[in-house]
Amino acid sequence: MHRLHQSLLAALVLLFSTSAAWAIDVKAAVLRIDYPTLLPISRYDLPPDDLGFAGAALADEDNGTTGGFLGHTYETKTMAVPPEGADAAMAEILSSGIKLVVVQARQDDLLRLTDQAADAGALVFNARAADISLRDEACRGNLLHTAPSHAMMADAVAQFAVWKKWTKWLLISGSNPQDVALSDAFRKSAQKFGAKITEDRMFEDTGGSRRTDSGHVLVQRQLPAFTQGADDHDVVITADETDYFARFMSFHLWTPRPVMGSGGLVPTTFHGAHEAWGATQYQTRFEALTGRYAMPEDYNVWLALRVVGEAVTRANTAAPDGVRDYAISDSFELAAFKGQKVTFRDWNGQLRQPILLYDGRITVSVSPQEGFLHQTSPLDTMGLDRPESRCDAFQ
Amino acid sequence: MKSLFLSTALAALIAGPALAGKAFISNERGNTITVLNTDTWEVETEFFAGNRPRGITASPDGKVIYVCASDDNLVRVFDAETYEELPSLPSGPDPELFILEPSGKRLYIANEDDNLVTVTDTETRMILAEVPVGVEPEGMGMSPDAKFVVNTSETTNMAHFISTEDYKIKHNILVDQRPRYAHYTADGSRLFVTSEIGGTVTVMDIAEDGAPTVVGKISFEVAGVQPEWLQPVGARVTSDGKRLFVALGPANRVAVVDAQSLEVLDYILVGQRVWQLDFTPDEQFLLTTNGNSNDITVIDVAKEKAIKSVQVGQQPWGVVTID
């Protein structure tokens, strides 16, 4: 009996002296809504079946390797559903006791699912929706964003254009609501960084024949005519979230100019050719695991689950509130193959991160650009800064 | 024929510049090693070193140079005098950095892609062990008594203390983001671990039995340089344990730190994207590899001043010096 007492005491002492040794089994989920959409302009942009899920698999491996030294395990459930099945899927995830959910969905669905999760005390990570209002008046206290906003993307492009002294812009916007939302972000960016939109045009989405055998013939005739007679400009900025015209623009303008935005030089969080800052290792691990190149959605999901991993490793918590509080605290930092730590904005839950400018093959540049200064972090020159955001869910 | 060969070899031995020290610099992008005369600071030659050569070290007698040929998945071996290639060593996939134990027998290699440290026997050229570590192992340090090898994992963010007796991890210490390098003082009482993205150096005191205790953290600050660019990578400490030099990557500076009080004393401006460091054997000079300006900077250790820069190959990564 005496001996038993002693060993119990010893075990207790061990437990309290090495708090990091508490075993935690971390369960998370990735919920993806697959929307009925037209095919992308380029076959290279076809979404793979495991879009985003592959990033979760890599995150589980990365977190699990670290967890192996600390007694933590990681398991992530993945679900892909049509829009009408989203609420039931979220209910299923929550009822299984999972309180950390990464969502790949559009704004309206994301907000509804986030509120559903809030009722169960769960934390949601947005890995897809770029809408600015999600970081502004429509923000939620249980919603963190690893996906960058339209504002961050537009600012990344704008800074590069201004750095190049290409300050006269021809802005061409698509006609669908999400295209218009992106074009608004570019207008704000122009104003923010001192570029001038010399001409603002809308390219109507009338349905196209781009993938037919003679599609390129029409494109080649229509686009030069459409861009004819624009006021003097250095660069063409395209806002085409729908992906129906911007990819064609580069070689079909009336006046030869560089194209940026949704076509030409495109802002992105990640791409399969990114190599700087140790990213090669991310790519080789990802490719060995999944057999394909990484896409931005994979990276966004990976980031979300790595945030969870950091909270578990350093703050010893997998509780939704604990993860959130640690993520937006000053102690949080994460290396994410972007040359500097990424952190969260504590006013709206947005992850600060450098944005890559990608030409479809290589990283051409990375924003923020040199010379764009900020009193807190140069990363806060992109997206909604503290005084600009109307979000009060984090106060 | 045989005697002719012998006498030629003898002549080479007599005429050879036996007294001149040399530095070997691995050029990651150029796939070469640059040989630098450390008396005249002239480049002697540059030779093919395999694909993506990074970590580089020398045998204790200075006769053999080992280099991690990352994209060849092996350690290439060269004669330090003739630069002839000798039989390679197996390394496991994607070797990045390694450390040779003081006896020169066992080489401990970080396999960046496979979360392993591979232990290779340099004599039998056999793999002795594979030790699973954290994600993206990189930095490798060895205690002067050769009882522990310390590996840092860049994505797990730990320093793993591996016993060289049974190849088991005895201690794991969390450090700041993306730890790059681990370096003991010559008396083994202190260990410095650099964290590139965290922007810090974690300082540990090492007990008699090799157990680490974190005792401090060094941060850096340079007027006019964004804090994001102060990224500690390579490090070296003088053998008297008084001065720590830390390469700060894209900040293009080497920090001079009082290794006892941990106070940062000065920043020496060097070339662009300064990566790894090595002292000359007499510790009179410190050489830095500058990956973006394709040169090395020579620092006078006593004066703590940069005295010279020398153009080398494409994207210099690592450096090792011999007598």
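**Exercise 1.** Which residue in S18(B) does B:Val193 stand opposite?

*Solution.* The model is predicted: local features need pLDDT of at least 70, side-chain atom pairs count only at pLDDT 80 or more, and totals for chains, interfaces and linings use all residues. Residues are numbered from 1 along each chain as its sequence is written, while chains are lettered from A and ligands numbered from 1 in the order in which they are written.

Step 1. Locate the strands, which are DSSP runs (E, at least two residues) numbered from the N terminus, as are helices (H or I, at least four). S17(B) covers residues 190-195, and S18(B) covers residues 200-206.

Step 2. Check the pairing, which requires that DSSP finds at least two bridges between two strands. S17(B) and S18(B) pair in the antiparallel sense over 6 bridges.

Step 3. Read off the partner: B:Val193 faces B:Thr202 in S18(B).

**Exercise 2.** Follow the bridges outward from B:Val193 and B:Thr202.

*Solution.* Step 1. On one side, B:Val193 of S17(B) is the bridge partner of B:Ala182. S16(B) and S17(B) pair in the antiparallel sense over 5 bridges.

Step 2. On the other side, the bridge partner of B:Thr202 in S19(B) is B:Lys217. S18(B) and S19(B), the latter spanning residues 212-219, are antiparallel over 7 bridges.

Step 3. Put the strands in order: the open sheet runs S16-S17-S18-S19 in chain B, with antiparallel pairing. S16 (179-184) and S19 of chain B each have a single partner strand, so one side of each lacks a neighbour in the sheet. From one strand to the next, the twist averages 20°.

**Exercise 3.** How many residues of S18(B) are buried?

*Solution.* Step 1. Apply the cut-off: a buried residue has 20 or more other C-beta atoms within 10 Å of its own C-beta atom, an exposed one 12 or fewer, and a partly exposed one a count in between, with C-beta atoms placed from the backbone.

Step 2. By this count, 6 of the 7 residues of S18(B) are buried.

**Exercise 4.** Describe the hairpin turns beside S18(B).

*Solution.* Step 1. Between S17(B) and S18(B) there are 4 residues, and B:Gly199 takes a positive phi near 75° in this hairpin.

Step 2. The hairpin of S18(B) and S19(B) has 5 residues between the strands, with B:Gly210 at a positive phi near 90°.

How values were computed:
Axes fitted to C-alpha atoms, helices over the stretch in contact; angles between N-to-C directions.
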